[in-house]
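Welcome, and let us take a walk through this chain together. We will begin at one loop residue, follow its neighbours into the strands, and then look at the sheets and the aromatic rings.

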Amino acid sequence: MDDTNNRDERASEESSDGIGPKTSRRTFLSASAVGLTTAGIAASSASVAAGGDDSNGDDSNGDDNGHDEEDEPFATVEFSNQMADENTVVVNSTVLSEGGFVAIHDARLFEGKVAESVVGVSEYLEAGAHYSVDVDLFTGVPGREFSDEESSLSEGDPLVAMPHLDTNDNDTYDFVSSGGSEDGPYVDNGHPVVDLGLAGMEDDEDSFALLDFENQCTEGEEVELDDVTLSEGGFVAIHDARLLEGQVTESVIGVSEYLEAGEHDEIEVELFDVEGADFDDDRLYSDQPLIPMPHYDTNDNETYDFVSSGGEEDGPFTENGQAVVDLGFALVVEDKDEYEDDDEDEEKEKHEKKENGNGDNGNGDNGNGDNGNDDHGNGDNGNDDHGTTENGTTENGTTENGTTTHVSTSN
């Protein structure tokens, strides 16, 4: 998970006035193993990609102008560790392709209590990039009432930022009040887009770690870290959801090779091969959330000893007094290459349908373009070469065969 400066720098590459061309995302395929089927998340997410036949009679789900309605909305979110003594948190940055909200969930999200876990929501955000978004907690969530016990954060509390759509276009967050039938989450690789932060206290450590871990498909034996920056050498451990239950060492299911200080990208992490850990499984068998955590190499031996030492060596990098973490969902597939090839074929098919709808064969080359109103319609064979120009008024009409030469040039 990145700090504010790094997040803002990366997010500044997106337009603050809006987004570029829509990025197609796969349909919401399945709910996670931690209970995200409840409160209508699966249904509301899948409905985002729903469409009908287009006006040109093909199956591209496009509109009259050739827009592909199967292109799913997308979002990104960056969320750092937060202060435990505040009731307002700050979402470092978010990019929403179609506008919406960022909801803040507590740990009950991982128990399947999706609606009950919403403890705050941003104001309506227009499509585009947004930075330093304030979200008040324990108040202002339509359909959600908070008890006296739900009035403040405790140190160590996990918080999950999750972007949501405004599916009914009323600028009001209706996910909780509608039981999940409205304003479902943005999804990526079959699961909600999320980022994790912990409630902590300020500290004065000079060292730091930055981390980016996206939702991804995997065959269950390894996962990939998108970007890692370490101020000093160390490792990135992969934890499962048991981390949020306090099982810190038991939840480690994978660790990277030793990483030098500096920036790293596309780091492959083998799962279920950790020094000092015993595993009943040799791979992931179901979709689930995973939590990467950067660790120091405190004893300078370039070996990850956190588990084998019972947590005495190679502790985590911290921010606001809590471990630096990120969160992503693993979508377990039988064949990753085949899955990704199918995804590419799906994108190619959508692109071809767009071209054949109102592109090359619609209003383009064969419709109103080269062969439509140009070559065969009102173009070369329409009002130009064979229509008004060569065979009509010009060469065989008024000019050569009409008034002037009586000799046909083209014919």
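A good place to start is Asp166, which lies in the loop between β7 (158–164) and β8 (187–188). Please keep in mind that this is a predicted model. Is Asp166 buried or exposed? With a relative accessibility of 7%, Asp166 counts as buried, because the cut-off for that class is under 20%. What does Asp166 touch, leaving aside residues up to four places away in sequence? The list is Gly99, Gly100, Phe101, Tyr124, Asp171, Thr172 and Asp183. Take Gly99 from that list: 67 residues separate Gly99 and Asp166 along the chain, yet their C-alpha atoms are 6.9 Å apart.

Phe101, another residue that Asp166 touches, takes us into strand β4 (residues 101–105). Five of the five residues of β4 are buried, so the strand is largely enclosed by the rest of the structure. In a regular strand, side chains alternate between the two faces of the sheet. With that in mind, look at each side of β4: Phe101, Ala103 and His105 are on one side, Val102 and Ile104 are on the other, and all of them are buried. Both faces of β4 are therefore covered.

Now for the partners of β4. Five bridges pair β4 with β7 in the antiparallel sense, and Phe101 has His164 as its bridge partner in β7. β4 also runs antiparallel to strand β5 (residues 118–121), to which three bridges join it. Here Ile104 stands opposite Gly120 of β5.

Phe101 has a further role in this picture, since ring pairs link it with Tyr124, Tyr173 and Phe175 into a cluster. Two members of that cluster, Phe101 and Tyr124, are also among the residues that Asp166 touches.

Let us step back to the whole chain for a moment. The chain holds five helices and 20 strands, and 47% of its 411 residues count as buried. Among contacts with a separation of 6 or more, 64% are between residues 24 or more positions apart. About 18,700 Å² of the chain is exposed, and carbon and sulfur atoms supply 38% of that area.

Two open sheets come next. One has three strands in the order β11-β13-β16, with antiparallel pairing. Its edges are β11 (209–212) and β16 (262–270); each has a single partner strand, so one side of each is left without a neighbour in the sheet. On average, and with direction ignored, neighbouring strands of this sheet are turned by 25 degrees against each other. Within the sheet, β11 and strand β13 (residues 222–230) run antiparallel and are joined by four bridges. You can find this pairing by looking for Leu211, which stands opposite Val228 in β13.

The other open sheet has five strands, in the order β12-β20-β17-β14-β15, and its pairing is mixed. Which strands stand at its edges? They are β12 (216–218) and β15 (252–255), and because each has a single partner strand, one side of each has no neighbour in the sheet. The twist from one strand to the next averages 40 degrees. Further inside the order, strand β17 (residues 288–296) runs antiparallel to strand β20 (residues 328–332), and three bridges join the two. Leu290 stands opposite Gly328 in β20.

Finally, back to the rings. How many aromatic pairs does a search of the whole structure find? The search finds nine. One of these is Phe272 with Phe279, an edge-to-face pair with 5.3 Å from centre to centre and 90 degrees between the planes. Phe272, at 18% relative accessibility, counts as buried, while Phe279, at 25%, counts as partly exposed. Tyr304 and Phe306 also pair: their ring centres are 6.2 Å apart and their planes are at 40 degrees, so this pair is tilted. Both of its members count as buried, Tyr304 at 4% relative accessibility and Phe306 at 6%.

One more ring has a charge as its neighbour. The charged end of Arg283 sits over the ring of Tyr285, at 4.6 Å from the ring centre.

Terms used. Residues numbered from 1 in each chain as written. Predicted model: local features only at pLDDT ≥ 70, side-chain atom pairs only at ≥ 80, totals over all residues. Heavy atoms only, no water. Phe/Tyr/Trp six-rings, centres within 6.5 Å; stacked < 30°, edge-to-face > 60°. Buried < 20%, exposed > 50% of the residue type's maximum accessible area, 1.4 Å probe, protein only. Lys NZ or Arg CZ within 6 Å of the ring centre and 35° of its normal. Pairing = 2+ DSSP bridges. Axes fitted to C-alpha atoms, helices over the stretch in contact; angles between N-to-C directions. Contact = heavy atoms within 4.5 Å. Areas by Shrake-Rupley, 256 points an atom, 1.4 Å probe, with all protein chains shown as cover.
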